[in-house]
Structure formats: structure tokens, C-alpha cells
Amino acid sequence: MLTNVEHIGIAVKSLTASNALFTKLLGKKPYKAEAVESEGVTTSFFKVNQTKIELLEATRPDSPIAKFLEKKGEGIHHIAFEVSDIYAEIERLKTEGFTPLNETPKRGADNKLVCFLHPKETNGVLVELCQEVKE
């Protein structure tokens, strides 16, 4: 089952400019930045109490974030929910009629396994499932 909101992802044109903006807004700097080559993005994370905000900047023009920015501009890209067993949760959601965008979880940012659900079945919201990688 979905246990809590893990983070909110925001697509941005410039990570540098958006980091400065969110640093002013939240009164703190990002605690982490990393590149996710497989998705063609660079990310940074802010944390306010238990809430995380992930800023995502495209690193190549064919990445999902570049395409999102081209269609919709900057803004909320996805909402991520933490799960304890991502494989079981994908199967459960498939039986409920949801379509995973990737059948097998893949490595995402912040040491997570991730899977996205198609937004046409979630009221237009891209939903991400994420589980901490246990190594």
C-alpha cells in the first residue's frame, strides 16, 4: 500500500535559478543534488519537516522532463508515494486497472526504485511509486 507522500517533483528550466528561488522561499539550501542519466535529468532536493521537494532539470532534449517543459512549462510534474514493496504494489495497482509506465521498477534519484503510473488513469496526475533501495 501507499504509505505516505514521499516527495513532489517540479519540472524547472534552470536548476541554478530554481535552487536560488526555493532557497529564498524555504529559507534553506537543497540537501542533495544528483544526475539520473537514465532519465536525462539533474535533480536537487529540499526538505521541510517530512516533506521533500524535488526539482528536475532536463539534461537532454529527448528526456521526459524536456518534453514536459515543452508542452506544459515549469510546474508540478509528479507526486511520489512511498511503498514498502514496489513489486507487490505494481501488481496490486494493475489489478485495480492502473497502467504502469514501466512494468519493472528502475533506479531513480535519492536511492529509490521507482515506477510511474499513466496519468490518464490518475486524473491527469503523474504518480510515482518509490521504495528505498536496500543494499
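The buried residues of helix α2 pack against four strands: β1 (2-12), β3 (41-48), β4 (51-58) and β5 (75-83). Packing here goes by contact, meaning heavy atoms within 4.5 Å, and buried means under 20% relative accessible area, with exposed being over 50% and partly exposed in between (1.4 Å probe, protein chains only). Bear in mind that this is a predicted model, where local features need pLDDT of at least 70, side-chain atom pairs count only at pLDDT 80 or more, and totals for chains, interfaces and linings use all residues. Residues are numbered from 1 along each chain as its sequence is written, and side-chain values use heavy atoms, with hydrogens and water left out.

**Helix α2**

- The helix covers residues 64-72, and its buried residues are I65, A66, F68 and L69.
- Those residues take up an arc of only 160° around the axis, which puts them on the same side of α2; the arc is that of the directions from the helix axis to the C-beta atoms.
- Flip to the other side of α2 and you find E70 and K71, which are exposed.
- G73 comes just after α2 and has a positive phi of about 80°.

**Helix α3**

- In α3 (residues 86-95), the buried set is I86, E89, I90 and L93.
- Looking down the axis of α3, these buried residues fall within an arc of 105°, so they line one face of the helix.
- As background, an α-helix has 3.6 residues a turn, so residues three or four places apart point the same way.
- The cover over the buried residues of α3 includes β1, β5, β7 and β8.

**Three asparagines to look at**

- N19 sits in helix α1 (residues 15-26).
- With a relative accessibility of 18%, N19 counts as buried.
- Leaving out residues up to four places away in sequence, N19 touches P30, S44, F46 and L55.
- N49 is in the loop between β3 and β4, and its phi is near 55°, a positive value in a residue other than glycine.
- At 65% relative accessibility, N49 counts as exposed.
- N123 belongs to the loop between β7 (112-117) and β8 (127-132); it isn't a glycine, yet its phi is positive at about 55°.
- N123 is exposed too, with a relative accessible area of 80%.

**The whole chain**

- The chain has 3 helices and 8 strands, where helices (H or I, at least four residues) and strands (E, at least two) are DSSP runs numbered from the N terminus.
- Read from the N terminus on, the elements go β-α-β-β-β-α-β-α-β-β-β.
- The radius of gyration is 15 Å, close to the 14 Å that the globule rule gives for 135 residues, so the chain is as compact as a globular protein of that length. That radius is taken over C-alpha atoms, and the globule rule is 2.2 Å times the number of residues to the power 0.38.
- Along its principal axes, the C-alpha trace spans about 45 × 30 × 30 Å.
- Of the 135 residues, 42% count as buried.
- Among contacts with a separation of 6 or more, 53% are between residues 24 or more positions apart.

**Surface and charge**

- The accessible surface of the chain is about 7,600 Å², and 55% of that belongs to carbon and sulfur atoms; the areas come from the Shrake-Rupley method with a 1.4 Å probe, and for residues only the protein chains shown count as cover.
- There are 18 positive and 20 negative charges, and their mean positions are 5 Å apart.
- Lys and Arg count as positive and Asp and Glu as negative, while His and the chain ends are not counted; each charge is placed at NZ of Lys, CZ of Arg, CG of Asp or CD of Glu.
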